[in-house]
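Trainee: Could you take me through one buried spot up close, and then show me how it sits within the whole chain?

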Amino acid sequence: MATTGRTRASQGAARIPSSVTWLLPANLILFVALSITQTRFFAELNFEALLSSLGITLAISLGQMVVIASGGMNLALGSIGALGGLASCYAMIHSGLPLVLDFALGLLVGMVCGAFNGFLVGQFGLSAFIVTLGSSGIFTATALGLTNVQPLEGVPESFIHIGAGSVAGVPILFVLAALAAVLVAALMRYTNFGRQVLALGGNGDAAQLVGIRRRRVLIGVHVLSGVLAAWAGILTMAQLGQGQPDIGSDWLLTSFAAPIIGGTLFAGGYLSVAGTCLGACLLTLVSSGVVFMRMNPDWVEL
């Protein structure tokens, strides 16, 4: 019976049409339309800026996507990103450690925050909505309190170069976000953990009956989400060239929109990394397009 439930969930996911079939042409049509109607849009500098924005949007979306696939959500994504990014920036300014270790510290902070959420959700069966809503306030207050709501300045030039530099015309930010997407895709597709996350999201009761440990999987998925959120925070602060304690406050809608547009089931059990990438691209094109059209800021927000 448990196997049958899991099989039905897998078949249900398989019946979902690939988001690539409509998102890819939609992105191409929108890109061509903007290139024709907005002459400045196709300039090399603007193209690099577009890819940088896409990289940030993609990094943000991946952290939400993995939790949605398990049947939950992470409303603390932005606040975890802020804490992780600030931890890295602080280490860069004061520790004198190599940049890789500074990044690792930020990712470690994201891991701890994610583990905190995952433990409460998995161990006590609490709602992910309630847990992450509450922890978001805790993490935000911590970030603002530790910095006195002041940016951390004095980060090294090597960090600023990551936010502004490019390789063969491709922004480093985009390359790093794309690397994260590839790693997440491989994790979710080829590992037992990834399959367990999807099984739990597709049919939680059946997944537990076949031996999947719900608590361990939920802790793991929130840890992964926390690490990805911290990665997004680090990349955002590299783009800004300083540690900003209030980043992430506007991430929530984007983090849900890109994966859902890309075909990830909000009920859990199915995700599409390629679809999330294209969903992030569509959101980036739309937001950039209305800016180039010089629309009223209120309409841009709408």
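Mentor: Let's start with the cut-off: a residue is called buried when its relative accessible area is under 20%, and exposed when that value is over 50%. Keep in mind that what we're looking at is a predicted model.

Now zoom in on Thr 284. This residue sits in helix α13, which covers residues 273-292. Its relative accessibility comes out at 4%, so Thr 284 counts as buried. What does Thr 284 touch, once residues up to four places away in sequence are set aside? The list is Leu 50, Ser 53, Leu 54 and Thr 57. Contact here means heavy atoms within 4.5 Å.

Let's compare notes with another helix. Ala 232 belongs to helix α11, residues 214-240. With 0% relative accessibility, Ala 232 is buried as well, because the cut-off is under 20%. Skipping residues up to four places away in sequence, Ala 232 touches Ala 59, Ile 60 and Trp 251. There's also a nice long-range pairing here: Ala 232 and Gly 63 are 169 residues apart along the chain, yet their C-alpha atoms are separated by 8.4 Å.

A third spot is Ser 79, found in helix α4, which spans residues 77-94. Its relative accessibility is 5%, so Ser 79 goes in the buried column too. Beyond its neighbours within four places in sequence, Ser 79 is in contact with Ser 135, Ser 136, Phe 139 and Thr 140.

Now zoom out to the whole chain. It holds 14 helices and two strands. Of its 302 residues, 47% count as buried. Take the contacts between residues at least 6 apart in sequence: 77% of them join residues at least 24 apart. As for overall dimensions, the C-alpha atoms fill a box of roughly 60 × 50 × 35 Å along the principal axes. A compact globule with 302 residues would have a radius of gyration near 19 Å, and the chain has 19 Å, so the two agree.

On the outside, the chain exposes about 14,400 Å², with carbon and sulfur atoms supplying 66% of that area. For your electrostatics, there are 11 positive and 10 negative side chains, and the centres of the two sets lie 26 Å apart.

Terms used. Residues are numbered from 1 along each chain as its sequence is written. This is a predicted model: local features need pLDDT of at least 70, side-chain atom pairs count only at pLDDT 80 or more; totals for chains, interfaces and linings use all residues. Side-chain values use heavy atoms; hydrogens and water are left out. Helices (H or I, at least four residues) and strands (E, at least two) are DSSP runs, numbered from the N terminus. The radius of gyration is taken over C-alpha atoms; the globule rule is 2.2 Å times the number of residues to the power 0.38. Buried means under 20% relative accessible area, exposed over 50%, partly exposed in between (1.4 Å probe, protein chains only). Accessible areas come from the Shrake-Rupley method with a 1.4 Å probe; for residues, only the protein chains shown count as cover. Lys and Arg count as positive and Asp and Glu as negative; His and the chain ends are not counted. The place of a charge is taken as NZ of Lys, CZ of Arg, CG of Asp or CD of Glu.
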